[in-house]
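Have your molecular viewer ready and a pencil at hand. Try each exercise yourself before you read the worked solution.

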Amino acid sequence: MQQYTIYYFTSTGNSLQIARQLASTLKNTTLQSMTIQPPSQSIGGQNQSIGFVFPVYFLGLPRIVKRFVQNLTIQPETYCFAISNFGGSSMDSLGMLNDVLKQKGCYLSYGDGIKMPDNYIPRYDALPVDEAQKVIDAAMVKVNTTAQAITKQTVQPIKRKAKLLCKIINDLFMYRNIENFDKKFAADNTTCNGCNLCQNICPVQNITTDNHQPVWHHQCERCMACIQWCPTQSIQYGKKTAAFKRYHNPTINAQDITLKDRLSPIQ
């Protein structure tokens, strides 16, 4: 019987909902967050398919996803699949992932992009709840179709889109001067309740608290989990976000994200 392991990265919960829906259809699946250390042993093989679910960041891969996959040892004959979720377009995110896998002697056998509610809060207001739910409902239908293809071990070559442009934009916004990005975060000390959720939910432990106020340490992944999940909306990024609604996936709670070392076997 085919076994599946799905590695996911999520900040708002969109990727986790996709991973859970995929796992519930595939069966015999283990979910593991990419925020913990990659397994030290070789993974995959003829009876162990490996999947990746992640959001598109600046037309490509989040840094944390790239690092995680680079540190995996995957057997060459492994069936690898991936779903990137996006608000606008998947662009070359799957192609970038395939490049990393090829460096490890394997490749992406199947990949697809799925639209989810856009939520990059420094630039956009969140969708109204009913509109966001329509997007999610359509996404879950597509996830089920994708799961059927994966069950059949379908091979679908990755179609690259604007490869050079995506590389330039991804490098510019994910790598250059990234140490300065979190300098625009601030918390209102009159509304911050000192719950420490921002510290616990950050995927790279970039946030600590001092006198119950968050402090950012310039290793930000631009995931926006801290601002989206802040229960009092005291965290802001620059001047625009005070007017924007927060978003996180309605099927996911904060504990699902903060329990980074949790393994979830689904039979």
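The exercises below walk through helix packing and a handful of individual residues in this predicted model.

**Exercise 1. Find the angle and the axis distance between helix 2 and helix 3, and decide whether the pair is parallel or oblique.**

Solution. Start with the general idea: two packed helices are described by the angle between their axes and the distance between those axes.
Step 1: locate helix 2 at residues 63–70 and helix 3 at residues 93–103.
Step 2: the axes lie 9 Å apart, at an angle of about 20 degrees.
Step 3: angles under 35 degrees count as roughly parallel, and helix 2 and helix 3 are therefore roughly parallel to each other.
Step 4: for the handedness, helix 2 passes helix 3 in a right-handed crossing.
Step 5: pick out the residues that make the contact, which are Lys 66, Val 69 and Gln 70 on helix 2, with Leu 97, Val 100 and Leu 101 on helix 3.
Step 6: sorted by class, this contact of helix 2 with helix 3 has four nonpolar residues, one polar and one charged.

**Exercise 2. Now do the same for helix 1 and helix 4: at what angle do their axes cross?**

Solution. Step 1: find helix 1 at residues 14–26 and helix 4 at residues 129–151.
Step 2: their axes come within 9 Å and cross at roughly 45 degrees.
Step 3: roughly parallel would need an angle under 35 degrees, and roughly perpendicular one of 65 to 115; helix 1 and helix 4 are therefore oblique to each other.
Step 4: helix 1 passes helix 4 in a right-handed crossing.
Step 5: on the helix 1 side, look for Gln 17, Ile 18, Gln 21, Leu 22, Thr 25 and Leu 26; they meet Ile 136, Met 140, Val 143, Asn 144, Ala 147, Ile 150 and Thr 151 of helix 4.
Step 6: by class, the contact of helix 1 with helix 4 divides into eight nonpolar and five polar residues, with no charged ones.

**Exercise 3. Which backbone nitrogens does the side chain of Asn 206 reach?**

Solution. Step 1: place Asn 206 in the loop between helix 6 (197–201) and strand 7 (207–210).
Step 2: check its accessibility; at 2%, Asn 206 counts as buried, because the cut-off for buried is under 20%.
Step 3: list its contacts beyond four places in sequence, which are Asp 182, Val 215, Trp 216, His 217, His 218, Gln 219 and Cys 220.
Step 4: the Asn 206 side chain reaches the backbone nitrogen of His 218 at 3.1 Å and that of Gln 219 at 2.8 Å.
Step 5: for a C-alpha view of this region, note that Asn 206 and Glu 221 are 15 residues apart in sequence and 8.8 Å apart in space.

**Exercise 4. Is Thr 241 buried or exposed, and what does its side chain lie close enough to pair with?**

Solution. Step 1: go to the loop between strand 9 (235–237) and helix 8 (254–258), where Thr 241 lies.
Step 2: Thr 241 has a relative accessible area of 0%, so this residue is buried.
Step 3: a polar atom of the Thr 241 side chain lies 2.9 Å from the backbone nitrogen of Tyr 237.
Step 4: leaving out residues up to four places away in sequence, Thr 241 touches Ile 121, Pro 122, Ile 227, Gln 236 and Arg 246.

**Exercise 5. Lys 27 and Asn 177 each have a positive phi although neither is a glycine; where do they lie?**

Solution. Step 1: Lys 27, with a phi of about 65 degrees, sits in the loop between helix 1 and strand 2 (29–33).
Step 2: Asn 177, with a phi of about 55 degrees, sits in the loop between helix 5 (163–174) and strand 6 (185–187).
Step 3: compare accessibility; Lys 27 counts as partly exposed at 41%, whereas Asn 177 is exposed at 53%, because exposed means over 50%.

**Exercise 6. How many residues apart in sequence are Asp 118 and Asn 14, and how far apart are they in space?**

Solution. Step 1: find Asp 118 in the loop between strand 5 (108–115) and helix 4.
Step 2: Asp 118 and Asn 14 are 104 residues apart in sequence, and their C-alpha atoms are 9.9 Å apart.
Step 3: Asp 118 is partly exposed, with a relative accessible area of 29%.
Step 4: apart from neighbours within four places in sequence, Asp 118 is in contact with Gly 87 and Tyr 124.

Note on methods: Residues are numbered from 1 along each chain as its sequence is written. This is a predicted model: local features need pLDDT of at least 70, side-chain atom pairs count only at pLDDT 80 or more; totals for chains, interfaces and linings use all residues. Side-chain values use heavy atoms; hydrogens and water are left out. Helices (H or I, at least four residues) and strands (E, at least two) are DSSP runs, numbered from the N terminus. Buried means under 20% relative accessible area, exposed over 50%, partly exposed in between (1.4 Å probe, protein chains only). A polar contact is a pair of N or O atoms within 3.5 Å; within protein, one must be able to donate a hydrogen and the other to accept it, and residues adjacent in sequence count only if both atoms are side-chain atoms. Contact means heavy atoms within 4.5 Å. Axes are lines fitted to C-alpha atoms, for helices over the stretch in contact, and angles run from 0 to 180 degrees between N-to-C directions. Angles under 35 degrees count as roughly parallel, over 145 as roughly antiparallel, 65 to 115 as roughly perpendicular and the rest as oblique. A crossing is left-handed if the near helix is turned anticlockwise from the far one by less than a right angle, and right-handed if clockwise. Ala, Val, Leu, Ile, Met, Phe, Trp, Tyr, Cys and Pro count as nonpolar, Asp, Glu, Lys and Arg as charged, and the others, Gly among them, as polar.
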